[in-house]
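Grab a pencil and work through the exercises below. Each one comes with a solution that goes step by step.

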Amino acid sequence: MSAVGNEPLARQALAFVLAGGRGSRLLELTDRRAKPAVYFGGKSRIIDFALSNAVNSGIRRIAVATQYKAHSLIRHLQMGWNFFRPERNESFDILPASQRVSENMWYVGTADAVYQNIDIIESHACRFIVVLAGDHIYKMDYEVMLRQHVESGADVTVGCLEMPRAESSGFGIMHIDENGWIQEFLEKPKDPPPMPGKPDVSLASMGIYVFNARFLFDQLKRDAEDPDSNHDFGKDIIPYLVKNGRAIAHQFSTSCVRSGSNNVAYWRDVGTVDAYWSANIDLTDVVPELDLFDRAWPIWSYAEITPPAKFVHDEESRRGQAVSSLVSGGCIISGASLRRSLLFTGVRINSYANVENAVIMPYVNVGRGARLKNVVIDRGVEIPEGLVVGEDPEFDAKRFRTTEQGISLITQPMIDGLNK
C-alpha cells in the first residue's frame, strides 16, 4: 500500500450525486417529485443526507444529476445549497438531463449520467470522483473511504453494508476475500453469498463508489461504446472492474458517523411507504438511532423562516399537546392531541383532533374532530373535519393507499375523491 499524508483527500474530490430516480415504490409520494426530493425528518429532504455527508467530510465540489420530475428537487437545491463560493475553490453544479450527447437521449443509466457530464467534471480538475446515491438516509465520513481507496491502490472502492442474508436479495451483493477484495458482484441474487466467517450475513452495495477521476473517465468512455451495456454502475461498470480490475469493499461500519453512546451503524433505504413511515416515526424515540441533534455532523438543508411552533387551548378534551413527537416551526396544535408523530413545517391541527403515529408533510391542515392513526399525509392536504383513519383497515383501503403494515398514505386527490 502507498502511504497517505495528512492532507485531507476530500479537498481533491468531487462528489457526483445521482438524484434522477422516481422511487416508484413510494407510490403517490413520488407522483410530483423525485425520491431524493421527498421530505424527511421534519425539515429536510432525503438528498440532504448525502449532500451533508459530502460537506461534513470536507468535499467542496459537488454535482447533482437530476431527471424525473426534477423541479421540486432543483428548487430545493437552489434555495438550500447555494452557499458554495468559487473563490474558495468550491462549486455546486445541478445537472438536469439535457440531451447533451444526443437530441433523443436522456440519462439512460447511472453511469451514463456521469458520462454525459464528463466535460463539466473535467473542468474542476479533481483527483477523485465519489459517486453517491441521493436517496438513502445515513451519516458517513467519505474521507475515511477515500483514504482506504488510496492506501489499497484499488481501481474502485465500493461502499458496503452488512445485512442479514435473508434480507439482502434485493441488493447488489459483494463476495469478498479475507482482505476485502471483491471476488464477485451479484445483482439481486436469489441466494446471496455470505461474508467470510459470517454465514448469516451478506455484504450489500450502498451505491457509493470512489474512483480516480481519469480512470473513471476511461471506463465510462469504454462503456459508452458498448452497445450491449445498460450504462449503469451496478449492472455494468462495477461487475466489469471486479472481473478485469481491482475492486475493494469499504465497510460502512468503519466510516459511519455515530454520536454519544450510540454504536449503531445507521443506514436506511426509505424506498417503500412502510419503510419511510417507520424511519420517520423512529425519530420520536427517546434516544433514536439517527441523531438529528448532533451539532458535530449537522444535516444541512433549506432553512425556511418560520415562527415557533404553537400549542394553544387548555380545556378538558380541548388541550393543545404533543407527546413523544417532533413538531417543526410554523405548526399550530390548536386544542388537539398529538402522540408519537412527526410534523413538518406549517402543519395545523385543529380542535378536538387526535393524531397518533403520523408523518405529516408541510402545510397540511387537519380539520376539527379528525382521528388519524398510522398515516403518512402528503404536502398541503386538507383533512376534512371528523375524518377517521386507522380504525377500520378495510374501510381505509377503499379510500386511501393502505400498505401491508396498515399505514395509510393520504394525498389531496384521495381526499377530493371522498365526495364523488
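**Exercise 1. Is Cys256 buried or exposed?**

Before starting, note that this is a predicted model, where local features need pLDDT of at least 70, side-chain atom pairs count only at pLDDT 80 or more, and totals for chains, interfaces and linings use all residues. Residues are numbered from 1 along each chain as its sequence is written, and side-chain values use heavy atoms, with hydrogens and water left out.

Step 1: recall the cut-offs, with buried under 20% relative accessible area, exposed over 50% and partly exposed in between (1.4 Å probe, protein chains only).
Step 2: Cys256 has a relative accessible area of 9%, so Cys256 is buried.
Step 3: try Cys126 too; its relative accessible area is 12%, so Cys126 is buried.

**Exercise 2. Work out why Cys256 has no bond to the closest cysteine sulfur.**

Step 1: a disulfide is a pair of cysteine sulfur atoms within 2.5 Å.
Step 2: the closest cysteine sulfur to that of Cys256 belongs to Cys160 and is 15 Å away, so it's too far for a bond.
Step 3: run the rule over the structure and you end up with 0 disulfides.

**Exercise 3. Find what caps the N-terminal end of helix 7, and list the helix's buried residues.**

Step 1: helices (H or I, at least four residues) and strands (E, at least two) are DSSP runs, numbered from the N terminus; helix 7 covers residues 233-244.
Step 2: the cap is Asp232, with a side-chain oxygen 3.0 Å from the backbone nitrogen of Gly234. For polar contacts, the pair of N or O atoms must lie within 3.5 Å; within protein, one must be able to donate a hydrogen and the other to accept it, and residues adjacent in sequence count only if both atoms are side-chain atoms.
Step 3: the buried list reads Phe233, Gly234, Asp236, Ile237, Ile238, Pro239, Leu241 and Val242.

**Exercise 4. Classify the ring pairs Phe40–Tyr276 and Tyr209–Phe211.**

Step 1: rings of Phe, Tyr and Trp (its six-membered ring) pair if their centres lie within 6.5 Å; planes under 30 degrees apart are stacked, over 60 edge-to-face, and the rest tilted. The structure holds 13 such aromatic pairs.
Step 2: Phe40 and Tyr276 have ring centres 6.4 Å apart and planes at 70 degrees, so call this pair edge-to-face. Phe40 sits in strand 2 (residues 39-40) and Tyr276 in helix 8 (residues 273-282), so the pair links distant parts of the chain, 236 residues apart. Both Phe40 and Tyr276 are buried.
Step 3: for Tyr209 and Phe211, the centres are 6.5 Å apart and the planes at 55 degrees, so this one is tilted. Tyr209 and Phe211 are both buried.
Step 4: for a bigger grouping, look at Trp81, Phe83, Phe84, Phe92 and Trp300, which form one aromatic cluster.

**Exercise 5. Describe where Thr284 is and what its side chain contacts.**

Step 1: Thr284 is in the loop between helix 8 and strand 14 (310-312).
Step 2: its relative accessible area is 9%, so Thr284 is buried.
Step 3: a polar atom of the Thr284 side chain lies 2.6 Å from the backbone oxygen of Ile281.

**Exercise 6. Place Asp392, and say how it is classed by accessibility.**

Step 1: Asp392 lies in the loop between strand 27 (388-389) and helix 9 (393-399).
Step 2: at 39% relative accessibility, Asp392 counts as partly exposed.
Step 3: the C-alpha atoms of Asp392 and Gly406 are 9.9 Å apart, with these positions 14 residues apart along the chain.
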